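User: I've got a model open and I'd like to learn how to read it. Could you walk me through it, feature by feature?

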Amino acid sequence: IAQHLVDLHDASATFDFCGGMMFQLVLSDKLRTELAQVASQGAGHRHQPVLHDASTFRMAKVPGYTQTADADNVKLFHGREVR
């Protein structure tokens with residue numbers, strides 16, 4: 001997952017959100033570097049980002065989620081790191 005996120009960022013990939021709102025995945029330099037490092041250590045690395053399926057349609061549905069300002073760059077990311 002980490003490598004895929006880095007590749008999407010590097011390719012300036014765009015996505016169609018809700019049928020017409022285009023957005024581009026842009027990682028902060030720090031997060032891109034961190035994800036590239038995790039990717040180089042393999043798919044089984046414990047810091048690989050977690051991808052949730054469509055049944056996790058709200059933050060409260062993320063297993064172990066609590067309403068805090070904490071972010072671990074595995075399950076939760078700060079908005080300032082991903083745009």
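**Reading the helices**

Analyst: Happy to; keep in mind that this is a predicted model. Let's start with burial in the helix α1, where A2, V6, L8 and H9 are the buried residues. Viewed along the α1 axis, these residues sit within an arc of 160°, so they line one face of the helix.

User: Why would residues spaced like that end up pointing the same way?

Analyst: The general idea is that an α-helix has 3.6 residues a turn, so residues three or four places apart point the same way. As for what the buried residues of α1 pack against, the partners are β1 and α2.

User: Which residues are buried in α2?

Analyst: L31, L35, V38 and A39. Looking down the α2 axis, the buried residues fall within an arc of 100°, so they too line one face of their helix. Their packing partner is α1, residues 2-10.

User: And which exposed residues does the face of α2 turned away from its buried side carry?

Analyst: That face has D29, K30, T33 and S40.

User: How do I check the length of α2 against what's expected?

Analyst: Take the distance from the first C-alpha to the last and compare it with the rise of 1.5 Å a residue. α2 covers residues 29-40, 12 residues in total, and reaches 17 Å, close to the expected 16 Å. After α2 comes G42, with a positive phi near 100°.

User: What about phi just after α1?

Analyst: There you find S12, with a positive phi of about 55°. Worth a look, since S12 is not a glycine. S12 belongs to the loop between α1 and β1, the latter being residues 14-17. S12 is partly exposed, at a relative accessible area of 41%.

**Reading a helix pair**

User: How do I describe the way α1 and α2 cross?

Analyst: Look at the approach of the axes, then the angle, then the hand. The axes of α1 and α2 come within 8 Å and cross at roughly 135°. The two helices are therefore oblique to each other. As for the hand, α1 passes α2 in a left-handed crossing.

User: Which residues of α1 and α2 meet?

Analyst: On the α1 side you have A2, Q3, L5, V6, H9 and D10; on the α2 side, R32, L35, A36, V38 and A39. Try Q3 and L35 as an example: they are 32 residues apart along the chain, yet their C-alpha atoms are separated by 7.0 Å. Q3, in helix α1, is partly exposed, with a relative accessible area of 40%.

**Reading single residues**

User: Is H9 buried or exposed?

Analyst: Relative accessibility settles that one. The cut-off for buried is under 20%, so at 17% H9 counts as buried. H9 is part of helix α1.

User: Which residues is H9 in contact with, leaving aside neighbours within four places in sequence?

Analyst: L25, V26, L27 and R32. For a pair with a wide separation, take H9 and Q67: they are 58 residues apart in sequence and 28 Å apart in space, C-alpha to C-alpha.

User: Now K61. Where is its place, and what does K61 touch?

Analyst: K61 lies in the segment after α2. Not counting residues up to four places away in sequence, K61 touches S55 and T56. K61 is partly exposed, with a relative accessible area of 45%.

**Reading the whole chain**

User: How many helices and strands are there in the protein chain?

Analyst: Two helices and two strands, running α-β-β-α from the N terminus on.

User: And how would I sum up the chain's overall dimensions and burial?

Analyst: For dimensions, use a box along the principal axes: the C-alpha atoms fill one of roughly 35 × 30 × 20 Å. For burial, take the share of residues that count as buried, which is 23% of the 83 residues here. You can also ask how far along the chain the contacts reach. Among contacts between residues at least 6 apart in sequence, 48% join residues at least 24 apart.

Notes:
Residues numbered from 1 in each chain as written. Predicted model: local features only at pLDDT ≥ 70, side-chain atom pairs only at ≥ 80, totals over all residues. Heavy atoms only, no water. Helix = DSSP H or I, 4+ residues; strand = E, 2+ residues; numbered from the N terminus. Expected span 1.5 Å × (residues − 1). Buried < 20%, exposed > 50% of the residue type's maximum accessible area, 1.4 Å probe, protein only. Arc of directions from axis to C-beta. Contact = heavy atoms within 4.5 Å. Axes fitted to C-alpha atoms, helices over the stretch in contact; angles between N-to-C directions. Parallel < 35°, antiparallel > 145°, perpendicular 65-115°, else oblique. Left-handed = near helix turned anticlockwise from the far one by under 90°.
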